[in-house]
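Biologist: Can you walk me through this one? I'd like to start with the open spaces and then get to the helices and the overall fold.

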Amino acid sequence: MNCLIVYAHPEPASFNGALKDAAVRELERMGHSVVVSDLYRMGWNPALGPGDFEGGRANADYLDLSKEQEHAFAAGTQHPAVAAEQARLAAADFVLLQFPLWWFSMPAILKGWVDRVLSRGFAYSAGRKYETGHFKGKRAMLSITTGTASTLYEPNGIDGDLHHVLWPIHNGILAYTGFTVLPPFAAWMPARLSPQERQACLDAHAERLRGIERIEPLFFHPWSDYDESQRLKPGVAARSGVQWNPRAGQGFEASASAFAASSGA
């Protein structure tokens, strides 16, 4: 299996770095091929803009980013750095995004990788989204670190349920482009862990990676559950833990409680 790790932390000696290194070792030990995109080391430019289309614009008078991305991909004129990352992603069967949770999301450098690499035409297009997405058949997983304890990310925690926090990434980026999305791995406030606790966390991370081909993925409703307005049909109870369906007589509390019970939260 071809594996791509997209790593976003500026300090190689960080626990994110340790998780990345542990993932490389374990995946290679399992016989997989591993490529790492170390964004800070690469000096990745996160800003999507006119510089991505110096190979020729579809419209030189007005910058429509999605149209220019589609044009560049079709013409083979993507920025060389973008084309290189797209080639890595196209070859990957499994993608691991390794990053610290900053401001309830990914670092800007990783979001910029998403903005530039997951371009229209390459990662999504008309009629090719979610279960018919371009990356159907590929698996993806988030591996994150936090600065605070796990209790803050429980359903009644001050930061909210982790599944809700990560929904924009899980659903809006990965599932949207067709990935089968695996449950995330979280290393809770590693800066406060003892050496023994850190090692236990690395061991748990390796154990999770050993199951990537058999672990139950996160649930996302198929297109058949939605009507022409792209809302859940009457009678279809939401099962994602983030959505709820008033047209099925379902409130948010019932939906969230059912997900919490099924996930063991």
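Modeller: Sure. Bear in mind that this is a predicted model. The second largest pocket holds about 260 Å³ of space.

Biologist: Which residues are closest to the centre of that pocket?

Modeller: Y130, E131, G178, F179 and F220 are the closest to the centre, out of 14 residues that line the second largest pocket.

Biologist: And how does the lining of that pocket divide by class?

Modeller: The second largest pocket is lined by eight nonpolar, four polar and two charged residues.

Biologist: How many cavities of 30 Å³ or more are there?

Modeller: Two. The largest cavity has about 60 Å³ of space, and the second largest cavity has about 50 Å³.

Biologist: What lines the largest cavity?

Modeller: Its lining includes L48, D52, F53, Q69, A72, Q78 and H79. V82, Q86, R116 and S119 are also part of the lining of the largest cavity. Helices α3 (65–75) and α4 are the elements that give two or more residues to it. By class, that lining has four nonpolar, five polar and two charged residues.

Biologist: Which residues line the second largest cavity?

Modeller: L89, V95, L97, W113, V114, L118, I173, L174 and F179. Two or more residues each come from β3 (94–100), α5 and α6 (162–175). The lining of the second largest cavity is made up of nine nonpolar residues, with no polar and no charged ones.

Biologist: Switching to helices. At what angle do α4 and α5 cross?

Modeller: The axes of α4 (residues 80–91) and α5 (residues 108–117) cross at roughly 90° and come within 10 Å. The two helices are therefore roughly perpendicular to each other.

Biologist: Which residues meet there?

Modeller: From α4, V82, E85, Q86 and L89; from α5, W113, R116 and V117. The residues of that contact divide into four nonpolar, one polar and two charged. Some of these names came up before: V82, Q86 and R116 line the largest cavity, while L89 and W113 line the second largest cavity.

Biologist: Last topic, the whole chain. How many helices and strands are there?

Modeller: Eight helices and six strands. Along the sequence the order is β-α-β-α-α-α-β-α-β-α-β-β-α-α.

Biologist: How does the radius of gyration sit against the globule rule?

Modeller: The radius of gyration is 19 Å, close to the 18 Å that the globule rule gives for 265 residues, so the chain is as compact as a globular protein of that length. Along the principal axes, its C-alpha atoms fill a box of roughly 50 × 50 × 35 Å.

Note on methods:
Residues are numbered from 1 along each chain as its sequence is written. This is a predicted model: local features need pLDDT of at least 70, side-chain atom pairs count only at pLDDT 80 or more; totals for chains, interfaces and linings use all residues. Side-chain values use heavy atoms; hydrogens and water are left out. On a 1 Å grid over the protein atoms alone, a cavity is a set of points where a 1.4 Å probe fits but cannot get out, and a pocket is an open set with protein on both sides within 12 Å along at least five of seven lines; lining residues have an atom within 4 Å of a point. Grid points are joined across faces, edges and corners, and a volume is the space filled by probe spheres set on the points. Ala, Val, Leu, Ile, Met, Phe, Trp, Tyr, Cys and Pro count as nonpolar, Asp, Glu, Lys and Arg as charged, and the others, Gly among them, as polar. Axes are lines fitted to C-alpha atoms, for helices over the stretch in contact, and angles run from 0 to 180 degrees between N-to-C directions. Helices (H or I, at least four residues) and strands (E, at least two) are DSSP runs, numbered from the N terminus. Angles under 35 degrees count as roughly parallel, over 145 as roughly antiparallel, 65 to 115 as roughly perpendicular and the rest as oblique. Contact means heavy atoms within 4.5 Å. The radius of gyration is taken over C-alpha atoms; the globule rule is 2.2 Å times the number of residues to the power 0.38.
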